[in-house]
Amino acid sequence: MNNVWNDQSECALAQAQPVDAEAPLLSVRHLTKLYAPGKGFSDVSFDIYPGEVLGIVGESGSGKSTLLKSLSGRQSPDSGSVLYVRGKGDAQVAQLEDLYAMAESQRRHLLRTEWGVVHQHPMDGLRSRVSAGGNIGERLMAVGDRHYGNIREASSKWLTDVEIPLDRIDDMPTTFSGGMQQRLQIARNLVTHPKLIFMDEPTGGLDVSVQAKLLDLLRRLVTELDLAVVIVTHDLAVARLLAHRLMVMRRSEVVESGLTDQVLDDPQHPYTQLLVSSVLQN
Ligand SMILES: Nc1ncnc2c1ncn2[C@@H]1O[C@H](COP(=O)(O)OP(=O)(O)OP(=O)(O)O)[C@@H](O)[C@H]1O
């Protein structure tokens, strides 16, 4: 795995540090969160670069969702660090910051602006009493946009981009199908042009044909927007289609990681071999 960091970066940096252009967007070191022995995840380290998609697959209960929550600032780890390059690509100098050394309000701001979270159940990431257009517009307002015309225009553009008919803009998301709700959740996240998106089983619970359409959409958006994505999925076909690299988890630990094709075509760990062969048999 790529690693441009020296040992210094392994300690939690309370102070923001300037970084160079080749730096990863997110650098995770020895991250651990265990609710009880074997319940959570332990000693996870990796880097993710702009435009890169990292898939997390593995056993049910192996800690994938807990890891995603800790990576995205929604679940404090017991130990380890999540370093993020903030402001890269903007006029300001990029800064390397420790997610858990930030104030809670800063983490929340990050999640509304440079980051996004796509939940498995779309209504967990949408506001049920706000119209579809309002759900998208709300995120723009959170970053300071106050111009009604601009917000409406951006909402319309995003609805079109995720293939939701424009005549549904004033409807409540609760009246949408599961696939439409998921596409709306994606639009809500992307309207602020985030650099990094965390997805937890984004195609779970959808019909196979709806899943296929959603996967196409995600693949297109990831490429067009040069998004970095960390995606948790049970589905190796989803991982194969979307992820450049894979991490395989079992019993709270990463047992194998590498390029997706390499991991799936030539699995090294017995658990990965079992996972791949069980898919081939079905
Ligand atoms: N808030 C919590 N308090 C205590 N234990 C928890 C909590 N959240 C999760 N766990 C436990 O931690 C372990 C890992 O859960 P997690 O949801 O991260 O696994 P997962 O790999 O995402 O599972 P699945 O694939 O089934 O969704 C499980 O044993 C779960 O019961």
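Helix H2 (104–112) contributes the largest share of the lining of the largest pocket, four residues. The structure is a predicted model in which local features need pLDDT of at least 70 and side-chain atom pairs count only at pLDDT 80 or more, while totals for chains, interfaces and linings use all residues. Residues are numbered from 1 along each chain as its sequence is written, and side-chain values use heavy atoms, with hydrogens and water left out. Helices (H or I, at least four residues) and strands (E, at least two) are DSSP runs numbered from the N terminus.

The volume of the largest pocket is about 360 Å³. Of the 17 residues in its lining, Leu111, Arg112, Gly125, Arg139 and Arg188 are the closest to the centre. Besides H2, helix H3 (132–142) and helix H5 (178–190) each supply at least two lining residues. By class, the lining of this pocket has nine charged, four polar and four nonpolar residues; Asp, Glu, Lys and Arg count as charged, Ala, Val, Leu, Ile, Met, Phe, Trp, Tyr, Cys and Pro as nonpolar, and the others, Gly among them, as polar. Pockets and cavities were both sought on a 1 Å grid over the protein atoms alone: a pocket is an open set of points with protein on both sides within 12 Å along at least five of seven lines, a cavity is a set of points where a 1.4 Å probe fits but cannot get out, and lining residues have an atom within 4 Å of a point. Grid points are joined across faces, edges and corners, and a volume is the space filled by probe spheres set on the points.

The search of the whole structure finds one cavity of 30 Å³ or more. The largest cavity holds about 30 Å³ of space. Its lining consists of Glu163, Arg183, Val210, Lys213, Leu214 and Leu217. Helix H6 (residues 208–225) provides the largest share of this lining, four residues. Three of the cavity-lining residues are nonpolar and three are charged, with no polar residue present.

The ligand is surrounded by Tyr35, Lys39, Gly40, Glu59, Ser60, Gly61, Ser62, Gly63, Lys64, Ser65, Thr66 and His234, where a residue is near a molecule if one of its heavy atoms lies within 4 Å of it. The largest share of this shell, three residues, comes from helix H1; strand E3 (39–48) and H1 each supply at least two residues. The shell divides into eight polar, three charged and one nonpolar residue. Polar contacts are pairs of N or O atoms within 3.5 Å; within protein, one atom must be able to donate a hydrogen and the other to accept it, and residues adjacent in sequence count only if both atoms are side-chain atoms. A polar side-chain atom of Lys64 is 2.8 Å from an oxygen atom of the ligand. Polar backbone atoms also lie at short listed distances from ligand oxygen: 3.0 Å for Gly63 and 2.9 Å for Ser65. The protein covers 60% of the 640 Å² of accessible area that the ligand has on its own, with areas taken from the Shrake-Rupley method with a 1.4 Å probe and, for residues, only the protein chains shown counting as cover.Helix H1 (residues 64–71) is largely enclosed by the rest of the structure, because six of its eight residues are buried. These are Lys64, Thr66, Leu67, Leu68, Ser70 and Leu71. Buried means under 20% relative accessible area, exposed over 50%, and partly exposed in between (1.4 Å probe, protein chains only). After H1 comes Gly73, with a positive phi near 75°.

Two residues that are not glycines also have a positive phi: Glu201, at about 45°, and Asp226, at about 55°. Glu201 is placed in the loop between strand E8 (196–200) and H6, and counts as buried at 9% relative accessibility. Asp226 is in the loop between H6 and strand E9 (228–232).

Asn135, in helix H3, has a relative accessibility of 0% and therefore counts as buried. A polar atom of the Asn135 side chain lies 3.0 Å from the backbone oxygen of Val130. Trp158 is located in helix H4 (residues 148–161) and is likewise buried, at 4% relative accessibility. The C-alpha atoms of Trp158 and Leu241 are separated by 23 Å, the two residues being 83 apart along the chain.
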